[in-house]
Amino acid sequence: MSTSTPPGDRIAKVLARAGVASRREAERMIEEGRVAVNGKVIDRAALNVTDADKITVDGNPIGAPEKPRLWLYHKPTGLVTTTKDEQGRPTIFDDLPEELPRVMTVGRLDLNSEGLLLLTNDGGIKRKLELPSTGWLRRYRVRVNGRPTDDMLTPLRKGITVDGQNFQPMIVSLDRQQGANAWLTVALREGKNREIRRAMADIGLQVNRLIRVSYGPFQLGQLKSGAVEEVRSKIVRDQLGLEGDAPEKPKAQRRSRNDDSGKKPFARKSYAGAKGRSDGPATGGPKPKRGPKSDSRSPKKRG
(Lines give C-alpha, C1' and ligand atoms only; values in the text may rest on other atoms or scores of the structure.)
Protein backbone atom coordinates (compact mmCIF):
# COMPACT_ATOMS: atom_id res chain seq x y z
CA MET A 1 0.00 0.00 0.00
CA SER A 2 1.38 3.38 -0.99
CA THR A 3 2.00 5.85 1.83
CA SER A 4 2.94 8.78 -0.38
CA THR A 5 1.11 12.05 0.27
CA PRO A 6 -1.34 13.03 -2.49
CA PRO A 7 -0.33 16.14 -4.44
CA GLY A 8 -1.83 19.51 -3.62
CA ASP A 9 -3.25 21.00 -0.43
CA ARG A 10 -6.12 20.07 1.84
CA ILE A 11 -9.43 21.38 0.53
CA ALA A 12 -10.14 23.41 3.70
CA LYS A 13 -6.78 25.16 3.38
CA VAL A 14 -7.49 26.04 -0.26
CA LEU A 15 -10.89 27.46 0.66
CA ALA A 16 -9.33 29.54 3.42
CA ARG A 17 -6.65 30.91 1.09
CA ALA A 18 -9.34 31.85 -1.41
CA GLY A 19 -11.02 33.94 1.27
CA VAL A 20 -14.12 31.73 1.44
CA ALA A 21 -13.91 30.94 5.15
CA SER A 22 -11.52 30.00 7.90
CA ARG A 23 -10.32 26.40 7.85
CA ARG A 24 -12.67 25.40 10.63
CA GLU A 25 -15.63 27.10 8.96
CA ALA A 26 -14.65 25.49 5.62
CA GLU A 27 -14.67 22.06 7.23
CA ARG A 28 -18.21 22.71 8.50
CA MET A 29 -19.28 23.80 5.02
CA ILE A 30 -17.89 20.55 3.61
CA GLU A 31 -19.76 18.49 6.21
CA GLU A 32 -22.96 20.33 5.24
CA GLY A 33 -22.49 19.26 1.61
CA ARG A 34 -21.96 22.78 0.28
CA VAL A 35 -18.62 22.08 -1.44
CA ALA A 36 -18.07 20.21 -4.70
CA VAL A 37 -14.84 19.16 -6.44
CA ASN A 38 -14.98 18.51 -10.18
CA GLY A 39 -18.77 18.39 -10.02
CA LYS A 40 -18.96 15.90 -7.15
CA VAL A 41 -20.19 17.02 -3.72
CA ILE A 42 -17.80 16.06 -0.93
CA ASP A 43 -18.61 15.50 2.74
CA ARG A 44 -15.13 14.94 4.18
CA ALA A 45 -12.29 17.46 4.51
CA ALA A 46 -9.60 14.76 4.18
CA LEU A 47 -9.02 15.54 0.51
CA ASN A 48 -6.12 17.14 -1.31
CA VAL A 49 -6.77 19.30 -4.36
CA THR A 50 -4.56 20.98 -6.94
CA ASP A 51 -4.93 23.96 -9.28
CA ALA A 52 -6.33 21.58 -11.91
CA ASP A 53 -9.39 20.78 -9.76
CA LYS A 54 -12.58 22.80 -10.15
CA ILE A 55 -14.02 23.72 -6.76
CA THR A 56 -17.43 25.24 -6.13
CA VAL A 57 -19.16 26.42 -2.97
CA ASP A 58 -22.97 26.54 -3.07
CA GLY A 59 -22.64 26.05 -6.82
CA ASN A 60 -20.32 29.04 -7.29
CA PRO A 61 -16.69 28.57 -8.37
CA ILE A 62 -14.16 29.89 -5.91
CA GLY A 63 -11.76 32.61 -6.98
CA ALA A 64 -8.00 32.42 -7.21
CA PRO A 65 -6.16 32.56 -3.89
CA GLU A 66 -5.93 36.14 -2.67
CA LYS A 67 -2.66 37.54 -1.44
CA PRO A 68 -2.47 37.50 2.36
CA ARG A 69 -3.63 40.82 3.79
CA LEU A 70 -3.80 42.20 7.32
CA TRP A 71 -5.75 45.08 8.82
CA LEU A 72 -5.69 46.90 12.16
CA TYR A 73 -9.13 47.61 13.61
CA HIS A 74 -9.89 49.68 16.68
CA LYS A 75 -12.77 47.75 18.20
CA PRO A 76 -15.17 49.87 20.24
CA THR A 77 -16.97 48.55 23.31
CA GLY A 78 -20.47 47.19 22.83
CA LEU A 79 -19.68 44.94 19.85
CA VAL A 80 -19.20 41.17 19.90
CA THR A 81 -16.45 39.52 17.88
CA THR A 82 -18.59 37.06 15.95
CA THR A 83 -20.24 37.03 12.53
CA LYS A 84 -23.66 36.40 14.09
CA ASP A 85 -24.85 36.70 17.66
CA GLU A 86 -27.59 34.47 19.05
CA GLN A 87 -28.76 37.28 21.32
CA GLY A 88 -29.03 39.75 18.47
CA ARG A 89 -26.27 42.02 19.75
CA PRO A 90 -24.35 44.15 17.20
CA THR A 91 -21.13 42.59 15.91
CA ILE A 92 -17.89 44.11 14.68
CA PHE A 93 -18.88 43.06 11.16
CA ASP A 94 -21.81 45.47 11.34
CA ASP A 95 -19.28 48.22 12.04
CA LEU A 96 -16.65 47.50 9.38
CA PRO A 97 -16.48 49.61 6.19
CA GLU A 98 -18.37 48.15 3.23
CA GLU A 99 -15.36 48.23 0.89
CA LEU A 100 -13.45 45.78 3.08
CA PRO A 101 -13.28 42.24 1.60
CA ARG A 102 -14.36 39.21 3.59
CA VAL A 103 -12.17 39.10 6.70
CA MET A 104 -11.65 36.97 9.78
CA THR A 105 -10.58 38.13 13.21
CA VAL A 106 -7.31 37.07 14.82
CA GLY A 107 -8.50 36.11 18.27
CA ARG A 108 -11.26 38.03 20.02
CA LEU A 109 -12.05 40.90 22.32
CA ASP A 110 -15.11 40.52 24.52
CA LEU A 111 -18.16 42.79 24.46
CA ASN A 112 -16.84 45.30 26.99
CA SER A 113 -13.22 45.30 25.80
CA GLU A 114 -11.82 47.69 23.21
CA GLY A 115 -8.67 48.38 21.27
CA LEU A 116 -6.57 46.61 18.67
CA LEU A 117 -8.09 43.68 16.79
CA LEU A 118 -6.25 42.20 13.82
CA LEU A 119 -8.26 41.24 10.72
CA THR A 120 -7.07 39.04 7.86
CA ASN A 121 -8.41 37.51 4.66
CA ASP A 122 -6.17 34.45 5.09
CA GLY A 123 -7.14 31.49 7.28
CA GLY A 124 -3.51 30.39 7.55
CA ILE A 125 -2.45 33.72 8.98
CA LYS A 126 -5.34 33.67 11.43
CA ARG A 127 -4.38 30.24 12.70
CA LYS A 128 -0.68 31.08 12.91
CA LEU A 129 -1.16 34.28 14.90
CA GLU A 130 -3.61 32.68 17.33
CA LEU A 131 -1.22 29.89 18.31
CA PRO A 132 0.53 30.50 21.68
CA SER A 133 3.68 29.03 20.11
CA THR A 134 3.93 32.14 17.92
CA GLY A 135 5.02 33.87 21.11
CA TRP A 136 3.76 37.35 20.26
CA LEU A 137 3.13 39.59 23.23
CA ARG A 138 -0.35 41.13 23.58
CA ARG A 139 -0.27 44.32 25.64
CA TYR A 140 -3.24 45.91 27.41
CA ARG A 141 -4.04 49.06 29.39
CA VAL A 142 -6.26 47.98 32.26
CA ARG A 143 -8.22 50.16 34.66
CA VAL A 144 -9.26 48.48 37.89
CA ASN A 145 -11.35 49.56 40.83
CA GLY A 146 -9.24 49.29 43.94
CA ARG A 147 -5.82 50.14 45.28
CA PRO A 148 -3.44 47.46 44.01
CA THR A 149 -0.01 47.06 45.51
CA ASP A 150 3.04 45.37 44.06
CA ASP A 151 2.55 42.44 46.43
CA MET A 152 -1.04 41.99 45.23
CA LEU A 153 0.20 41.67 41.64
CA THR A 154 2.88 39.08 42.42
CA PRO A 155 0.60 36.04 41.85
CA LEU A 156 -0.15 37.29 38.33
CA ARG A 157 3.56 37.49 37.56
CA LYS A 158 4.13 33.96 38.81
CA GLY A 159 1.13 32.40 37.11
CA ILE A 160 -2.28 31.87 38.66
CA THR A 161 -5.02 29.22 38.65
CA VAL A 162 -8.63 30.42 38.48
CA ASP A 163 -11.54 27.98 38.64
CA GLY A 164 -9.20 25.13 37.76
CA GLN A 165 -7.74 26.90 34.72
CA ASN A 166 -4.04 27.74 34.69
CA PHE A 167 -2.98 31.17 33.45
CA GLN A 168 0.61 31.71 32.36
CA PRO A 169 2.73 34.39 34.08
CA MET A 170 1.84 37.92 33.02
CA ILE A 171 3.98 41.03 32.78
CA VAL A 172 2.18 43.51 35.05
CA SER A 173 3.14 47.05 36.04
CA LEU A 174 1.27 49.56 38.18
CA ASP A 175 1.15 52.85 36.30
CA ARG A 176 -0.89 55.23 38.41
CA GLN A 177 -3.59 55.48 41.06
CA GLN A 178 -6.46 57.81 40.14
CA GLY A 179 -8.88 58.16 43.00
CA ALA A 180 -10.72 54.89 43.48
CA ASN A 181 -9.25 53.45 40.27
CA ALA A 182 -5.76 52.41 39.19
CA TRP A 183 -4.23 52.00 35.73
CA LEU A 184 -2.11 48.93 34.99
CA THR A 185 -0.22 47.71 31.95
CA VAL A 186 -0.60 43.97 31.42
CA ALA A 187 1.14 41.83 28.80
CA LEU A 188 0.64 38.15 28.04
CA ARG A 189 1.43 35.66 25.29
CA GLU A 190 -1.83 33.77 25.16
CA GLY A 191 -5.33 35.09 25.59
CA LYS A 192 -7.77 32.70 27.20
CA ASN A 193 -11.41 33.65 27.62
CA ARG A 194 -11.65 36.80 29.79
CA GLU A 195 -8.25 35.93 31.22
CA ILE A 196 -7.28 39.37 32.53
CA ARG A 197 -10.70 40.09 34.04
CA ARG A 198 -10.83 36.72 35.76
CA ALA A 199 -7.25 36.92 37.05
CA MET A 200 -7.78 40.42 38.43
CA ALA A 201 -11.03 39.39 40.14
CA ASP A 202 -9.20 36.50 41.78
CA ILE A 203 -6.83 38.91 43.54
CA GLY A 204 -9.65 41.27 44.53
CA LEU A 205 -9.59 43.82 41.68
CA GLN A 206 -12.52 44.65 39.42
CA VAL A 207 -11.69 45.59 35.82
CA ASN A 208 -13.81 48.49 34.56
CA ARG A 209 -11.92 49.25 31.35
CA LEU A 210 -9.67 47.08 29.19
CA ILE A 211 -7.88 48.30 26.06
CA ARG A 212 -5.61 46.17 23.90
CA VAL A 213 -2.85 48.48 22.67
CA SER A 214 -0.62 46.06 20.77
CA TYR A 215 -0.47 42.56 19.32
CA GLY A 216 3.12 41.55 18.62
CA PRO A 217 4.71 44.29 16.49
CA PHE A 218 1.37 45.86 15.56
CA GLN A 219 0.28 48.91 17.54
CA LEU A 220 -3.07 50.63 18.13
CA GLY A 221 -1.33 54.00 18.06
CA GLN A 222 -3.61 56.90 17.17
CA LEU A 223 -6.17 54.82 15.29
CA LYS A 224 -9.63 56.17 16.11
CA SER A 225 -12.33 54.00 17.62
CA GLY A 226 -14.12 52.10 14.84
CA ALA A 227 -11.46 52.86 12.22
CA VAL A 228 -9.58 50.35 10.05
CA GLU A 229 -6.11 50.56 8.50
CA GLU A 230 -4.40 48.07 6.24
CA VAL A 231 -0.82 47.03 6.90
CA ARG A 232 1.47 47.19 3.87
CA SER A 233 2.13 43.86 2.14
CA LYS A 234 5.88 44.11 2.71
CA ILE A 235 5.36 44.48 6.46
CA VAL A 236 2.99 41.49 6.47
CA ARG A 237 5.56 39.37 4.62
CA ASP A 238 8.46 40.47 6.81
CA GLN A 239 6.69 40.03 10.14
CA LEU A 240 5.00 36.74 9.29
CA GLY A 241 7.84 35.20 7.30
CA LEU A 242 5.77 34.86 4.14
CA GLU A 243 7.08 34.44 0.63
CA GLY A 244 5.70 36.91 -1.86
CA ASP A 245 6.21 39.12 -4.86
CA ALA A 246 8.87 41.78 -5.16
CA PRO A 247 8.76 44.34 -2.34
CA GLU A 248 6.57 47.35 -2.85
CA LYS A 249 8.19 50.66 -3.58
CA PRO A 250 8.36 52.45 -0.23
CA LYS A 251 6.18 55.52 0.18
CA ALA A 252 6.80 58.52 2.36
CA GLN A 253 5.07 58.12 5.72
CA ARG A 254 4.12 60.64 8.33
CA ARG A 255 5.66 59.89 11.69
CA SER A 256 3.38 59.55 14.66
CA ARG A 257 3.42 62.54 16.99
CA ASN A 258 4.52 60.26 19.77
CA ASP A 259 7.33 58.73 17.73
CA ASP A 260 10.73 59.94 18.85
CA SER A 261 12.62 56.73 18.08
CA GLY A 262 13.88 57.80 14.67
CA LYS A 263 12.43 54.63 13.11
CA LYS A 264 9.84 54.68 10.34
CA PRO A 265 6.40 53.50 11.44
CA PHE A 266 4.61 50.65 9.71
CA ALA A 267 2.93 51.93 6.56
CA ARG A 268 -0.83 51.57 6.82
CA LYS A 269 -3.70 52.31 4.47
CA SER A 270 -6.66 54.06 6.03
CA TYR A 271 -10.20 53.32 4.93
CA ALA A 272 -12.05 56.57 4.44
CA GLY A 273 -15.33 54.73 4.82
CA ALA A 274 -14.45 53.35 8.24
CA LYS A 275 -17.00 54.28 10.84
CA GLY A 276 -14.51 56.04 13.09
CA ARG A 277 -15.72 57.82 16.20
CA SER A 278 -14.91 61.39 17.07
CA ASP A 279 -13.85 60.56 20.60
CA GLY A 280 -10.26 59.91 19.54
CA PRO A 281 -8.00 57.03 20.53
CA ALA A 282 -8.76 55.12 23.71
CA THR A 283 -5.43 55.69 25.32
CA GLY A 284 -7.03 55.34 28.73
CA GLY A 285 -5.76 57.99 31.10
CA PRO A 286 -2.11 58.29 32.08
CA LYS A 287 0.71 57.04 29.93
CA PRO A 288 2.23 53.81 31.26
CA LYS A 289 5.59 53.73 32.87
CA ARG A 290 8.33 52.11 30.83
CA GLY A 291 7.82 48.42 31.47
CA PRO A 292 10.15 45.48 30.95
CA LYS A 293 11.12 44.87 27.35
CA SER A 294 9.76 41.78 25.66
CA ASP A 295 12.18 38.97 24.99
CA SER A 296 13.72 37.97 21.68
CA ARG A 297 10.65 36.03 20.61
CA SER A 298 8.69 39.26 20.19
CA PRO A 299 9.40 40.99 16.83
CA LYS A 300 10.50 44.59 16.69
CA LYS A 301 7.78 47.13 17.27
CA ARG A 302 6.73 49.87 14.94
CA GLY A 303 8.41 53.14 15.71
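Let's start with a word we'll need: a residue is called buried when its relative accessible area is under 20%, exposed when it is over 50%, and partly exposed in between. Keep in mind that this is a predicted model.

**Exercise 1. Getting an overview**

Find out how many helices and strands the protein chain has, and what share of its residues is buried.

*Solution.* Begin with the elements: the protein chain has 6 helices and 18 strands. Next, take the burial cut-off from above and apply it to the 303 residues of the chain; 44% of them turn out to be buried. Finally, look at the contacts with a separation of 6 or more: residues 24 or more positions apart account for 69% of them.

**Exercise 2. A look into a pocket**

Describe the second largest pocket: how much space lies in it, and which residues line it?

*Solution.* Step one is the volume, about 1500 Å³. Step two is the lining, which is made by 45 residues. Nearest the centre of the pocket you'll find T105, G107, R108, K126 and E130. Step three is to ask which elements give two or more residues to this lining: they are α2 (23-31), β8 (104-106), α3 (123-130), β10 (138-145), α5 (195-202) and β15 (206-215). Step four is to sort the lining residues by character, which gives 20 charged, 14 nonpolar and 11 polar.

**Exercise 3. Pairs of opposite charge**

Work out where the partners of three salt bridges sit, starting from D85, R209 and K234.

*Solution.* A bit of background first: side chains of opposite charge can pair when their charged atoms come close. The whole structure holds 12 salt bridges.

- Take D85. Its partner is R89, with the closest N and O atoms 2.9 Å apart. R89 has a relative accessible area of 31%, so it counts as partly exposed.
- Now R209. Its side chain meets that of E114, at 3.0 Å from N to O. Because R209 lies in strand β15 and E114 in strand β9 (residues 114-120), this pair ties together parts that are 95 residues apart in sequence. Check the surroundings too: R209 is partly exposed at 23% relative accessibility, whereas E114 is buried at 10%.
- Last comes K234, which pairs with D238 at 2.8 Å between the closest N and O atoms. Both residues belong to helix α6 (residues 233-240) and are 4 residues apart, about one turn of the helix. In an α-helix there are 3.6 residues a turn, so residues three or four places apart point the same way. K234 is partly exposed at 30%, and D238 is partly exposed at 49%.

Salt bridges can also join up: E32, R34 and D58 are linked in a network of them.

**Exercise 4. Two residues compared with the cut-off**

Decide whether T81 and V106 are buried or exposed, then list what each one touches.

*Solution.* T81 sits in the loop between β7 (70-75) and β8. Its relative accessibility is 6%, so T81 counts as buried. A polar atom of its side chain lies 2.7 Å from the backbone oxygen of L109. Setting aside neighbours within four places in sequence, T81 is in contact with K75, I92, T105, G107, R108, L109 and L117.

On to V106, which is in strand β8. Its relative accessible area is 0%, so V106 is buried. Again leaving out neighbours within four places, the contacts of V106 are L117, L118, T120, K126, L129, E130 and Y215. One of these, E130, is 24 residues away along the chain, yet the C-alpha atoms of V106 and E130 are separated by 6.3 Å.

**Exercise 5. Inside helix α6**

Which residues of α6 are buried, and what do they pack against?

*Solution.* First, pick out the buried residues of α6: S233, I235, V236, R237 and L240. Second, see what lies against them: β7, α3, β16 (218-219) and β17 (228-231). Third, zoom in on R237. With a relative accessible area of 15%, it falls under the 20% cut-off and is therefore buried. R237 and R69 are 168 residues apart in sequence and 9.3 Å apart in space, C-alpha to C-alpha. Fourth, step past the end of the helix: α6 is followed by G241, whose phi is positive, near 70 degrees.

Technical notes:
Residues numbered from 1 in each chain as written. Predicted model: local features only at pLDDT ≥ 70, side-chain atom pairs only at ≥ 80, totals over all residues. Heavy atoms only, no water. 1 Å grid on protein atoms, 1.4 Å probe; cavity = no way out; pocket = protein on both sides within 12 Å on 5 of 7 lines; lining within 4 Å. Points joined across faces, edges and corners; volume = space filled by probe spheres on them. Nonpolar A, V, L, I, M, F, W, Y, C, P; charged D, E, K, R; others polar. Salt bridge = Lys/Arg side-chain N within 4 Å of Asp/Glu carboxyl O. Buried < 20%, exposed > 50% of the residue type's maximum accessible area, 1.4 Å probe, protein only. Polar contact = N/O pair within 3.5 Å; in protein donor to acceptor, adjacent residues only side chain to side chain. Contact = heavy atoms within 4.5 Å.
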